[in-house]
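These are my notebook entries on one protein chain. I set down what I looked up and what I found.

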Amino acid sequence: MGAAELVIDRLALEGRTLRAQTAHGTLVNTAYFIGIYTLGLLRGFVVAAFLSAAEYGVWGIVAITAGTLLLLKQVGIGDKFVQQEEEDQELAFQKAFTLEMIVMGAFSLLMIPLFPLVALLYDRPELIAPGLVFTVALAMGSLAAPVWVFYRRMDFARQRTLQAVDPLFGFIVTIGLAIAGAGYWSLVIGTLAGSIAAAIVIVRASPYPLRIRWDKATSKDYFSFSWPILFAALSAIVIAQGSILVGNWTVGIAGVGVIALSAAIAQYSDAVDSIITQTLYPAICAVRDRTDLLFETFVKSNRLALIWGFPFGIGLTLFAADLVAFILGDRWLAAVFVLQVFGITQALNHIGFNWNAFYRARGETKPIAVVNVVTMLAFLASAIPLLITQGLKGFAIGIGVMTLVTLAVRTYFLARLFPAFAMAGHALRAIWPTLPAVAAVLLIRLVETGGRTPLLAVAELVVYVVITLGITAVAERTLLKELLGYVRDSRAGKSAESSSATTSSPIRTA
């Protein structure tokens, strides 16, 4: 079987070219992620309106503790399943599912005694019960493995429809309970309800029966792929747990609430990166031996992500004080500086953000571990000492230092994979369309008289958005025109020669 046939065989192209299918997937994933991330952000803000910062801090400890430890389970089994090329895909899925269940079992055994220990460390016994309930919710996640099959096929509509059950159902339950006065339990029970509903729907939709199939050779192959990702996960856990543990000791539970809220907003800013990276991953796995195509795809996909990510981060910095003053309220005043710094760091962090997907597609996961470990060391050397000595402002500055270190190491590995990559030019291309918009807002603030009002803040935001969109449309017109061409092809279901799937990148040169 030739290369073109291999690509067609593994993907559900539905008569489209690989480029058109990628564009179609981008539309589907855009709708999904915008909806889900907006829903999550809205949930955070709505619940925050009914909870105090201290109550939100309790939820923050539970969610960050369980969520970061969940990274121990996310060791790339799904990614490796997408990458593999076994002839019997039903057997391949069942072997991967077996490994997922083993990892989930070990993870659950770790989690059960963990929350009593966490409660002891924080001197907050109220963490035990919600933590254990949250553990059950996370355990249900292993039953979502069948979506890997649809993801590998690039059947994004089916994949996202199934995955949307969890956040949608959880949102409804959470908001209802929050309004009823359930406090942080609204978030805990809502999360559990969403997980159970999703597990039921996904298992029923699975294209293959769920079976336990142990294979020693497969386990070794998956282990070789996964252990660096595990090290990366451990590094992320140290960062997240260090933030809330030291934060609780130094700035109190309300300060932890500020850190948790800032992290939630930062996660929202990663939305477009997630859309593009997750859409492209099955495609770049299919053409992973063509480094030239991977480089072209990386540059263009990252440019698309930066069109959103960089202006969002800088906008958060510009309007953080307004967000607190007019939406969150005075009880969140301590969050202003943290949000401002997080905005800048998130803007910078979008530069080259999806680099690790290209290494994963090639089966080279060790660089991912190296970058994450270096990031962790930078966090321990900067953010933690500054949190202890300077409080939340010091913590934010330390996160800024950590981001710069991460960007430098990321650049090194990008240059190894793509020798023609020039980070300075790539970054400048992302930064300059936002500068006139920032200048316009600052000029308005310089000449404005009277007190700050919500109407003035909205007017400045409109100016910022309009100028940024206008300049970006001009600066990236060729790329946007190319992308729109693929979108039109995907909607029309146009066909091309199947060999084009292996001779062109998912986003071809104009």
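**Entry 1. Helix α6**

I began with L120, which lies in helix α6, residues 114-122. The model is a predicted one, and I kept this in mind throughout. Is L120 buried or exposed? Its relative accessibility is 65%, so L120 counts as exposed, the cut-off for that class being over 50%. I then looked up the surface around this residue. L120 joins L117 and L121 in a nonpolar surface patch of about 310 Å².

Next I turned to V118, which also belongs to helix α6. V118 has a relative accessible area of 5% and is therefore buried, since buried means under 20%. Which residues does V118 touch, leaving aside neighbours within four places in sequence? I found contacts with I61, T65 and L127. I61 is 57 residues away from V118 along the chain, yet their C-alpha atoms are separated by 8.9 Å.

**Entry 2. The chain as a whole**

I then looked up the totals. The protein has 23 helices and 0 strands. It consists of 510 residues, of which 56% count as buried. The exposed area is about 21,100 Å², and carbon and sulfur atoms supply 68% of that area. I also looked at contacts between residues at least 6 apart in sequence: 84% of them join residues at least 24 apart.

**Entry 3. Two helices and their buried sides**

I checked the length of helix α7, residues 128-139. At 1.5 Å a residue, its 12 residues should span 16 Å, and the end C-alpha atoms are 17 Å apart, which agrees. I listed its buried residues as P130, G131, F134, T135, A137 and L138. Why do they lie on the same side of α7? They cover an arc of only 160 degrees around the axis, which puts them on that one side.

I recalled the general rule here. An α-helix has 3.6 residues a turn, so residues three or four places apart point the same way.

I made the same kind of check on helix α9, residues 156-163. Its buried residues are F156, Q159, R160 and L162. Viewed down the axis of α9, they fall within an arc of 160 degrees, so they line one face of the helix.

**Entry 4. Salt bridges**

How many salt bridges does a search of the whole structure find? The search finds 12. As a general point, side chains of opposite charge can pair when their charged atoms come close.

I first examined K95 and E86, which form a salt bridge with their closest N and O atoms 3.2 Å apart. K95 counts as buried because its relative accessibility is 10%. E86, with a relative accessible area of 29%, is partly exposed.

I then examined E476 and R303, whose side chains meet in a salt bridge at 2.6 Å, N to O. This pair links distant parts of the chain, 173 residues apart: E476 sits in the loop between α21 (454-475) and α22 (477-492), and R303 sits in helix α15, residues 291-328. Both E476 and R303 are buried.

E476 also meets R429 in a salt bridge, at 3.4 Å, N to O. Here too the pair links distant parts of the chain, with R429 in helix α19 (residues 423-431) and E476 in the loop between α21 and α22, 47 residues apart. I compared the accessibility of the two partners. R429 has 39% relative accessibility and so counts as partly exposed, whereas E476 has 7% and so counts as buried.

I noted one network as well: salt bridges that share partners join D322, R445, R452 and E460.

**Entry 5. Two further buried residues**

I looked up N349, which lies in helix α16, residues 335-349. Its relative accessibility is 17%, and N349 therefore counts as buried. Apart from neighbours within four places in sequence, N349 is in contact with T403 and R410.

Lastly I looked up G78 in helix α4, residues 77-83. G78 is buried because its relative accessible area is 15%. How many residues along the chain separate G78 from E100? They are 22 residues apart, and their C-alpha atoms are separated by 8.5 Å.

How values were computed
Residues numbered from 1 in each chain as written. Predicted model: local features only at pLDDT ≥ 70, side-chain atom pairs only at ≥ 80, totals over all residues. Heavy atoms only, no water. Helix = DSSP H or I, 4+ residues; strand = E, 2+ residues; numbered from the N terminus. Expected span 1.5 Å × (residues − 1). Buried < 20%, exposed > 50% of the residue type's maximum accessible area, 1.4 Å probe, protein only. Arc of directions from axis to C-beta. Contact = heavy atoms within 4.5 Å. Areas by Shrake-Rupley, 256 points an atom, 1.4 Å probe, with all protein chains shown as cover. Patch = residues over 30% accessible without salt bridge, like charges linked within 9 Å, V, L, I, M, F, W, Y side chains within 5 Å. Salt bridge = Lys/Arg side-chain N within 4 Å of Asp/Glu carboxyl O.
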